[in-house]
Amino acid sequence: MKVDVLLGLQWGDEGKGKIVDVLTPKYDVIARFQGGPNAGHSLEFNQIKHILHSIPSGIFHQKQINLVGNGVVIDPVIFREEVDSIRKLGVSLEGKLMISRKAHLILPSHRVLDAASEASKGITKIGSTLKGIGPTYMDKTGRNGLRVGDIQEPDFQEKYRALKRKHGDLIKLYDYEYNPEEIEELWFEGIEEIRKYQIVDSEYEINGFLKQGKSILAEGAQGTMLDIDFGSYPYVTSSNTVSAAACTGLGIAPNKIGEVYGVFKAYCTRVGSGPFPSELKDDTGIYLREKGSEYGATTGRPRRCGWLDLVALKYAIMLNGVTCLFMTKADVLSGFETLKICTAYKKNKGISDQVPYDFKEINEPVYTEMKGWNQDLMRIREVSEMPAELNEYIRMIEKETGVPVTVVSTGPNREQILFTDRT
Ligand code: GDP
Ligand code: IMO
Ligand code: MG
């Protein structure tokens with residue numbers, strides 16, 4: 001058996017959560033491999049809209065194991081809120097949730113450091129979700145971090161206090177007002193919650209599942225354009241978001257990767273600061289935001305909207321080895337007479353079809369125009385009902401990328417999905 005990987009190809013919020021939820025019945029295990037509560041993955045079914053942050057999006061199904069991998073960073077406070085709200089829906093977590101012993105913990109002081117760092121940056125701030133992601137990954141690579149396995153050790157309290165002290169010294173450098181004790185109690189309550197689940201050596205667990213012939217779907221967070229190496233640095237998150245991160249974030253070898261499902265919106269959005277070549281700062285952008293309900297699932301911030309960027313999409317497909325494309329939010333594009341797709345960037349010296357080292361080199365996007373469609377896609381249940389113009393839009397993407405669009409999502413609900421059978 002191989003591990004299939006599902007990830008975002010743009011700037012996050014492509015609709016990964018919804019698609020994972022739909023695909024879960026085909027798998028035995030759903031495993032998150034990176035990111036943390038900066039992620040907000042929305043699922044809609046039975047008139048319920050639910051947002052997950054650190055728990056994999058397969059949790060609402062009965063039989064599947066949901067594994068939080070070693071590449072994930074966990075905030076016990078948010079984790080506890082998450083399990084509470086899942087339980088409130090009558091969903092049991094017993095025997096379904098596994099957490100890697102090697103996943104790193106986000107401390108309250110990591111969040112303070114995140115906020116202090118952002119405040120010090122002024123107008124050059126990243127637009128972080130302020131969940132402590134950057135400082136936690138910094139402690140991981142700096143070899144100072146606290147891991148889930150540490151909570152089982154007798155010196156856990158000591159380790160916690162030592163790291164908190166270190167953070168206190170760092171925060172002083174920022175001249176930032178804060179009260180570190182404020183959420184400490186909740187944090188330790190969260191630690192007690194984590195203890196209730198199976199804390200495992202997830203690399204052995206997942207390779208064991210593979211040996212038993214179990215099918216595994218690895219769920220990514222954020223998107224390729226937010227990758228720490230390949231995104232629009234420094235306006236990125238602090239983890240690798242590409243498919244290679246499924247190997248390091250779960251402990252699986254590259255030759256164990258099967259399909260790579262790349263999720264993208266039929267247009268583009270970005271939340272937070274940083275370059276966005278095809279951004280629409282006009283009424284069309286506002287229209288897309290309102291029609292697509294483009295407000296952050298984690299922070300509620302309005303998302304910036306723009307046309308589909310094929311240069312960035314092709315780059316993401318190359319980096320991830322995408323085998324199938326899943327297009328979401330096609331329904332939001334209904335009603336446009338003309339749609340635009342960015343196919344290249346105009347630079348000072350000519351035109352380029354590559355993502356540049358520095359986005360400042362881009363003067364403006366080069367667009368191809370496509371005919372729009374009017375039908376309300378949300379009601380469509382058969383591929384044969386898709387309007388001809390939508391088929392043309394998809395064909396154009398497939399021709400340019402060389403990858404089939406095998407899934408078209410036409411609404412936030414589980415049922416609003418079309419499998420195209422394209423190869
Ligand atoms: P994720 O972070 O990639 O899981 O995406 P988010 O959940 O942050 O954002 C996607 C938003 O679009 C959520 O509100 C989803 O409910 C919604 N959504 C997902 N797929 C579709 C779709 O095909 N059409 C529409 N209209 N909304 C969708
Ligand atoms: P999902 O998994 C969209 C963005 C933030 C900010 C930058 C760095 O829901 O797609 P961080 O908190 O990581 O330090 O923020 O990355 N960002 C996301 N944008 N979707 C996400 O996750 C994101 N996670 C982080 O807005 O610009
Ligand atoms: Mg999201």
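## Helix H1

In this predicted model, the residues Lys16, Gly17, Lys18, Ile19, Val20, Asp21, Val22 and Leu23 of helix H1 are buried. That makes H1 a mostly covered helix, with 8 of its 8 residues buried. An α-helix has 3.6 residues a turn, so residues three or four places apart point the same way.

H1 spans residues 16–23 and belongs to the surroundings of ligand 1. Lys16 is among the residues that come nearest to ligand 1. Lys16 is also listed among the closest residues to ligand 2. Gly17 offers a backbone N or O atom 2.8 Å from an oxygen atom of ligand 1.

## Around ligand 1

Which residues come nearest to ligand 1? They are Lys16, Gly40, Ser42, Asp331 and Ser409, out of 22 residues around the ligand. Several polar atoms sit by its oxygen atoms. A polar side-chain atom of Ser42 lies 2.5 Å from one oxygen atom of ligand 1. For Gly411, a backbone N or O atom lies 3.1 Å from an oxygen atom of ligand 1. Taken alone, ligand 1 exposes 580 Å², and the protein buries 96% of that.

Two elements give two or more residues to the shell around ligand 1: helix H1 (16–23) and strand E3 (41–45). The shell residues divide into 4 nonpolar, 9 polar and 9 charged. The space that ligand 1 takes is the second largest pocket.

## Ser42 in strand E3

Ser42 lies in strand E3. Is Ser42 buried, exposed or partly exposed? Its relative accessibility is 24%, so Ser42 counts as partly exposed; buried would mean under 20%, and exposed over 50%.

Sequence and space give two separate views of this residue. Ser42 and Pro412 are 370 residues apart in sequence. Their C-alpha atoms are 8.2 Å apart in space.

## Around ligand 2

Ligand 2 is surrounded by 20 residues. The closest are Asp13, Lys16, His41, Thr129 and Thr237. How do the shell residues divide into nonpolar, polar and charged? There are 7 nonpolar, 10 polar and 3 charged residues.

Polar atoms of the protein lie by the oxygen atoms of this ligand too. An N or O atom in the side chain of Asn38 is 2.9 Å from an oxygen atom of ligand 2. A backbone N or O atom of Gly40 also lies 2.9 Å from an oxygen atom of ligand 2. Val271 brings a polar backbone atom 3.0 Å from an oxygen atom of ligand 2. On its own, ligand 2 has 550 Å² of accessible area, and the protein covers 97% of it.

Gly40 appears in both settings. Gly40 is one of the residues that come nearest to ligand 1, and its backbone makes the approach to ligand 2 just described.

## Glu184 and its partner

Glu184 is found in helix H6, which covers residues 184–195. What does the side chain of Glu184 contact? It makes a polar contact with the side chain of Lys164, at 3.0 Å.

Glu184 has a relative accessible area of 14%. Glu184 is therefore buried, the cut-off being under 20%.

## Backbone exceptions

Most residues other than glycine have a negative phi, and most peptide bonds are trans. Three places in this model depart from that pattern. The peptide bond from Tyr233 to Pro234 is cis, with omega near 5°. Pro234 sits in the loop between strand E10 (216–219) and helix H8 (244–250).

Asp175 is not a glycine, yet its phi is positive, about 55°. Asp175 is in the loop between helix H5 (156–174) and H6. With a relative accessible area of 73%, Asp175 is exposed. Asp421 likewise has a positive phi, about 60°, although it is not a glycine. Asp421 is in the segment after strand E20 (417–419). Its relative accessible area is 70%, so Asp421 is exposed.

## Phe60 and Asp175

Where is Phe60? Phe60 is in the loop between strand E4 (48–52) and strand E5 (65–68). At 12% relative accessibility, Phe60 counts as buried, whereas Asp175 is exposed.

Phe60 and Asp175 are 115 residues apart along the chain. Their C-alpha atoms are separated by 44 Å.

Definitions and conventions: Residues are numbered from 1 along each chain as its sequence is written. Chains are lettered from A and ligands numbered from 1 in the order in which they are written. This is a predicted model: local features need pLDDT of at least 70, side-chain atom pairs count only at pLDDT 80 or more; totals for chains, interfaces and linings use all residues. Side-chain values use heavy atoms; hydrogens and water are left out. A residue is near a molecule or strand if one of its heavy atoms lies within 4 Å of it. A polar contact is a pair of N or O atoms within 3.5 Å; within protein, one must be able to donate a hydrogen and the other to accept it, and residues adjacent in sequence count only if both atoms are side-chain atoms. Accessible areas come from the Shrake-Rupley method with a 1.4 Å probe; for residues, only the protein chains shown count as cover. On a 1 Å grid over the protein atoms alone, a cavity is a set of points where a 1.4 Å probe fits but cannot get out, and a pocket is an open set with protein on both sides within 12 Å along at least five of seven lines; lining residues have an atom within 4 Å of a point. A molecule sits in a cavity or pocket if more than half of its atoms lie within 2 Å of its grid points. Helices (H or I, at least four residues) and strands (E, at least two) are DSSP runs, numbered from the N terminus. Ala, Val, Leu, Ile, Met, Phe, Trp, Tyr, Cys and Pro count as nonpolar, Asp, Glu, Lys and Arg as charged, and the others, Gly among them, as polar. Buried means under 20% relative accessible area, exposed over 50%, partly exposed in between (1.4 Å probe, protein chains only).
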